[in-house]
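This briefing walks through a protein model topic by topic, for a reader who is new to looking at structures. Please keep the sequence and the 3D view at hand while reading.

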Amino acid sequence: MNPYVFVQPHETVELANITGPGEIRQIRITPTGLWRDLIFRIYWEDQPYPSVESPIGDFFCCGWQKYL
């Protein structure tokens with residue numbers, strides 16, 4: 001398994017599938033292109049719809065595509 005993944009246009013990638021109790025402590029990404037075009041979705045409890053659905057930049061408070 002690689003420590004990185006390239007996501008192609010119109011492609012969906014599952015980053016984690018955790019069974020039982022757990023937590024995600026860090027998400028490290030290097031977005032390219034328009035950060036608002038990348039959608040971040042989080043599902044839990046076997047729900048058919050995401051509990052979180054947000055552009056990557058907005059979710060990580062970088063909606064203007066600038067690192068601070």
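Phe-59 is partly exposed, because its relative accessible area is 32%, a value that lies between the 20% under which a residue is buried and the 50% over which it is exposed. The model in which this residue sits is a predicted one. The points below start with the aromatic rings and then turn to a serine, a pocket, two backbone angles and a pair of distant residues.

**Aromatic rings**

- When the whole structure is searched for aromatic pairs, four of them are found.
- One of these pairs joins Tyr-4 and Phe-6, whose ring centres are 5.6 Å apart and whose planes meet at 65 degrees, an arrangement described as edge-to-face.
- Phe-6, a member of that pair, has a relative accessible area of 64% and is therefore exposed.
- In another pair, the rings of Phe-59 and Phe-60 have centres 4.9 Å apart and planes at 85 degrees, so this pair too is edge-to-face, given that an angle over 60 degrees is what earns that description.
- Phe-60 is partly exposed, with a relative accessible area of 31%.
- Ring pairs also bring Phe-40 into the picture, since they link Phe-40, Phe-59 and Phe-60 into a cluster.

**Ser-54 and its surroundings**

- Ser-54 belongs to strand β2, which covers residues 52–55.
- With a relative accessible area of 15%, Ser-54 is buried, because the limit for that class is under 20%.
- Leaving aside residues up to four places away in sequence, Ser-54 touches Leu-38, Ile-39, Phe-40 and Phe-59, and two of these, Phe-40 and Phe-59, are also members of the ring cluster.
- A polar atom in the side chain of Ser-54 lies 3.5 Å from the backbone nitrogen of Phe-59.

**The largest pocket**

- The largest pocket holds about 2,100 Å³ of space.
- It is lined by 41 residues, and those closest to its centre are Val-13, Glu-14, Leu-15, Ala-16 and Phe-40.
- Sorted by class, the lining of this pocket consists of 23 nonpolar, ten polar and eight charged residues.
- Strand β1 gives the largest share of the lining, namely four residues.

**Two positive phi angles**

- Most residues other than glycine have a negative phi, and this is the background against which the next two residues can be read.
- His-10 is not a glycine, and yet its phi is positive, at about 65 degrees.
- His-10 is located in the segment that comes before β1, the strand spanning residues 39–42, and its relative accessibility of 88% is the reason it counts as exposed.
- Glu-45, which is likewise not a glycine, has a positive phi of about 60 degrees.
- The place of Glu-45 is the loop between β1 and β2, and Glu-45 is exposed, with a relative accessible area of 67%.

**Thr-30 and Val-52**

- Thr-30 is found in the segment before β1, and because its relative accessibility is 66%, Thr-30 counts as exposed.
- How far apart are the C-alpha atoms of Thr-30 and Val-52? They are separated by 20 Å, while along the chain these residues are 22 residues apart.

Methods: Residues numbered from 1 in each chain as written. Predicted model: local features only at pLDDT ≥ 70, side-chain atom pairs only at ≥ 80, totals over all residues. Heavy atoms only, no water. Helix = DSSP H or I, 4+ residues; strand = E, 2+ residues; numbered from the N terminus. Buried < 20%, exposed > 50% of the residue type's maximum accessible area, 1.4 Å probe, protein only. 1 Å grid on protein atoms, 1.4 Å probe; cavity = no way out; pocket = protein on both sides within 12 Å on 5 of 7 lines; lining within 4 Å. Points joined across faces, edges and corners; volume = space filled by probe spheres on them. Nonpolar A, V, L, I, M, F, W, Y, C, P; charged D, E, K, R; others polar. Phe/Tyr/Trp six-rings, centres within 6.5 Å; stacked < 30°, edge-to-face > 60°. Polar contact = N/O pair within 3.5 Å; in protein donor to acceptor, adjacent residues only side chain to side chain. Contact = heavy atoms within 4.5 Å.
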